[in-house]
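Colleague: I am new to this structure. Could you show me how to read its helices and its core?

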Amino acid sequence: MLRRLEGAYRPGRVEAHRDTYDDTTDGQIAATDRELRISGVTGADGGRTALLTHKDARADEASGTGPEHETRMADGEAAHAIVRGLGHRPALSLEKRCRNYAFERDGRPALASLVRVSEPEGVFPDVGTAEADGRELPAALAAVRAVLTGPGVPGGGSGHRAPHRGRRCGKRPATPTLTVRHSLWSASPCFQ
């Protein structure tokens, strides 16, 4: 898949992510199929930024996708302090190495990432697109599936949320094959 992406979209943007998933003390965020994440992102040039992300409950069970709101923040430590000040606590932390490819598919912005995580160990494709208000979900899913079912994609077409997703609420992680991610109801800075 790496060769396919590099050939089609030029060399990918390399990033390291340090993700912290926060929850309420009684676990209500995970219990309601949502996520609150702060990602410390370091680029290949050493530049640093932070992303604050809220993922709502799944809107499409087959792909595991749901509304996602994300914003870039200059100060990750301040983001952590704000979330902690609101009563949330770290539930899971993990590190990811990503190689990102931005392109257009079926007239919409897309971001394909090869994501390496240590637990469960492996490299997972993650494909996302922006969708403004939920009305274009079928078209957005079709565009993502077209990327995922292309040549060189392992497991082509099955979708799961990130492999760590179920770990926070005591369930087994999703089968680590593919992650389908959409930015719904807001534009993600990943596409900018």
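Modeller: We take helix 3, then helix 4, then the nonpolar core. This is a predicted model, in which local features need pLDDT of at least 70 and side-chain atom pairs count only at pLDDT 80 or more, while totals for chains, interfaces and linings use all residues. Residues are numbered from 1 along each chain as its sequence is written, and side-chain values use heavy atoms, leaving out hydrogens and water.

Colleague: Which residues are buried in helix 3?

Modeller: Buried means under 20% relative accessible area, exposed over 50%, and partly exposed in between (1.4 Å probe, protein chains only). Helices (H or I, at least four residues) and strands (E, at least two) are DSSP runs, numbered from the N terminus. In helix 3, residues 76–85, the buried ones are Ala 79, His 80 and Val 83. They cover an arc of only 100 degrees around the axis, which puts them on the same side of helix 3; the arc is taken from the directions from the helix axis to the C-beta atoms. Glu 77 and Gly 85 are exposed on the face turned away from that buried side.

Colleague: Which residues of helix 4 are buried?

Modeller: Leu 137, Ala 140, Leu 141, Ala 143, Val 144, Val 147 and Leu 148. They fall within an arc of 160 degrees, so they line one face of helix 4.

Colleague: Which elements give two or more residues to the largest nonpolar core?

Modeller: A nonpolar core is a set of buried Ala, Val, Leu, Ile, Met, Phe, Trp, Tyr and Cys residues joined through side-chain atoms within 4.5 Å. The largest has 10 residues, including Leu 5, Phe 103 and Val 147. Strand 5 (89–105), strand 6 (108–118) and helix 4 (137–148) each give two or more.
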